[in-house]
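Here are some notes on the model you passed along, set out as numbered points. I hope they are handy while you have the coordinates open.

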Amino acid sequence: MKATASPIHTAVAIIPSPNLLWRFKMILFLIWGFGCCKIGWDSVMRMSVDLRDLFLYEAFLYYNPLLLVTMMVWLWGVNIWVFSQGSVNYAKIFDLDQNHLTHNEIWKCSTWMTIIVPTSMTAYLYLYSHGEVSLAASQPVLLYIAVAVVLIFPFDIFYLSSRYFLLRTLWRIALPLQAISFPDFFLADILTSMAKVFSDLERSVCRMVHRQVATIAWFEADSICGSHSKVIPLVLVFPYLCRLLQCLRQYKDTKEKSSLLNALKYSTAVPVIFLSALKYDVSPDSWISIYRPLWLLSSVINSLYSFYWDVTRDWDMSAFSRIFKFNRPNFCSNLLYGRQWFYFWVIGSNLILRCAWTYKLSAHLRHNYITVFTFTALEMLRRFQWIFFRVENEWTKMTKSSFQIAMSEIPIEEQQLLASTNHEV
């Protein structure tokens with residue numbers, strides 16, 4: 001027995017601890033990150049000063065959409081982790097099966113995305129700066145093809161059920177011909193915050209199709225894939241039109257006037273987008289005297305209307321009652337977030353970021369790609385915190401309705417006894 005037991009103990013001792021593995025992975029990740037930054041910086045410095053900004057702008061255009069999608073996946077994993085730690089049954093809210101992704105699996109996906117996208121971008125910078133233009137041009141093309149293949153891969157790997165759930169939901173959003181479920185309009189709301197991502201995605205694919213990657217053919221703003229393309233406002237407005245059609249479909253099914261008011265909210269984004277795009281088709285005097293004031297007015301209306309709807313409808317008026325009536329708890333007052341300052345922060349930051357949201361939708365303001373990336377990332381952070389309160393509100397409604405159904409099944413005499421405060425012993 002001693003002879004047979006010793007190898008077992010030896011084998012157990014050889015297995016590294018989870019903390020040691022995690023530290024080893026972090027060291028590898030930091031080495032990889034430093035290597036990408038070093039190679040990318042050296043590659044950019046090899047170019048002339050005149051072409052450096054244009055080259056960075058092009059490289060940023062191809063990889064900006066996938067970087068922002070990666071950021072949103074990370075944030076969604078944080079949302080799921082918070083829900084799993086609290087009392088919100090998010091699987092029931094989204095009608096998910098038992099095979100749905102946990103926050104650890106979502107973070108695993110986002111980790112691979114964090115590694116693959118910057119690696120491809122570093123390869124693009126290195127190959128282009130060393131004269132391998134054709135190889136450099138193939139890097140974003142191969143990356144986009146790989147992402148598309150992974151999404152539609154028909155075999156039972158890479159979380160098949162979750163991928164197809166996402167694709168089915170996207171199809172239902174694009175063609176809202178059926179009754180609208182909570183995942184449908186929830187994901188559609190998130191897509192409105194990613195309108196700029198879709199715009200850059202369209203321009204990237206356009207340049208790949210017309211073989212303009214790593215060339216100077218697209219530098220002219222009026223070219224087919226240039227910054228003045230008529231397709232850009234159409235792509236920007238598409239998520240809002242989908243959400244508007246969803247609201248109209250909900251009104252058809254429920255006859256609730258709030259659905260029409262919600263549709264009106266999304267329709268206010270249309271003039272913001274198209275009035276901004278008109279700057280390239282009208283004279284400077286007409287833009288300053290007529291169209292810019294109209295654009296400013298529509299931007300203010302859309303921002304304030306959207307802010308009002310966020311607080312009073314998506315989050316329910318209980319958000320205000322938690323602040324101004326904090327000492328009078330109601331059914332929702334102690335669900336997730338019981339700190340008063342947190343609601344002040346959420347409401348105030350939501351108002352500021354709603355106003356800043358106009359920047360990324362306005363084509364005539366999108367000259368500095370770093371600034372646009374920052375504003376788009378801030379909009380995703382706003383949507384990230386919006387998710388907490390929107391899901392909390394939905395869970396509150398579901399719990400309250402279940403409670404009311406349970407109470408309705410209790411005989412009236414027992415309800416009166418439970419509600420009575422005069423008990424004599």
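1. Let me begin with Tyr159, which counts as partly exposed because its relative accessibility is 30%. This is a predicted model, so please read every value here as computed from it. Tyr159 sits in the loop between H6 and H7, and its phi is positive, about 55°, although it is not a glycine.

2. Phe158 belongs to the loop between H6 and H7 as well. Its phi is also positive, at about 55°, and Phe158 is not a glycine either. For context, most residues other than glycine have a negative phi. If you check backbone torsions, this loop is a place to look.

3. The helices on either side of that loop bring us to the surface. Val147, Leu151, Ile152, Leu166 and Leu170 make a nonpolar surface patch of about 370 Å². Helix H6 (133-152) and helix H7 (160-174) are the elements that give two or more residues to the patch. Which of them gives the most? That is H6, with three residues. Leu166 lies in helix H7 and counts as partly exposed, because its relative accessibility is 35%.

4. Now to the rings. How many aromatic pairs does a search of the whole structure find? There are 21. One of these is formed by Phe29 and Trp32, a tilted pair with 5.3 Å from centre to centre and 40° between the planes. The two residues are three apart in helix H2 (residues 18-45), so about one helical turn separates Phe29 from Trp32. Are they buried or exposed? Phe29 is partly exposed, at 31% relative accessibility, and Trp32 is partly exposed too, at 23%.

5. Phe94 and Phe186 offer another case. Their ring centres are 4.9 Å apart and their planes stand at 70°, so this pair is edge-to-face. The pair links distant parts of the chain, with the two positions 92 residues apart. Phe94 is in the loop between helix H4 (90-93) and helix H5 (103-129), while Phe186 is in helix H8 (residues 182-192). Phe94 is buried, because its relative accessible area is 6%, and Phe186 is buried, because its own value is 4%.

6. The Phe94 and Phe186 rings also belong to a wider group. Ring pairs join Trp76, Phe94, Phe182, Phe185, Phe186 and Trp386 into a cluster. Trp386, a member of that cluster, has a charge over its face: Arg383 lies there, at 4.4 Å from the ring centre. A second case of this kind involves Tyr251, with Lys255 over the face of the ring at 5.7 Å from its centre.

7. Last comes the interior. The largest nonpolar core has 34 residues, and those with the most contacts inside it are Phe83, Phe186, Ile387 and Val391. Phe186 thus turns up here as well as in the aromatic cluster. The elements giving two or more residues to the core are helix H3 (49-85), H4, H8, helix H13 (284-314), helix H15 (340-361) and helix H16 (369-408). Which element supplies the largest share? It is H16, with nine residues.

Note on methods:
Residues are numbered from 1 along each chain as its sequence is written. This is a predicted model: local features need pLDDT of at least 70, side-chain atom pairs count only at pLDDT 80 or more; totals for chains, interfaces and linings use all residues. Side-chain values use heavy atoms; hydrogens and water are left out. Rings of Phe, Tyr and Trp (its six-membered ring) pair if their centres lie within 6.5 Å; planes under 30 degrees apart count as stacked, over 60 as edge-to-face and the rest as tilted. Helices (H or I, at least four residues) and strands (E, at least two) are DSSP runs, numbered from the N terminus. Buried means under 20% relative accessible area, exposed over 50%, partly exposed in between (1.4 Å probe, protein chains only). A charge sits over a ring if NZ of Lys or CZ of Arg is within 6 Å of the ring centre and within 35 degrees of the ring normal. Patches are made of residues with over 30% relative accessible area and no salt bridge: like charges are joined within 9 Å, nonpolar side chains (Val, Leu, Ile, Met, Phe, Trp, Tyr) within 5 Å. Accessible areas come from the Shrake-Rupley method with a 1.4 Å probe; for residues, only the protein chains shown count as cover. A salt bridge is a side-chain nitrogen of Lys or Arg within 4 Å of a carboxyl oxygen of Asp or Glu. A nonpolar core is a set of buried Ala, Val, Leu, Ile, Met, Phe, Trp, Tyr and Cys residues joined through side-chain atoms within 4.5 Å.
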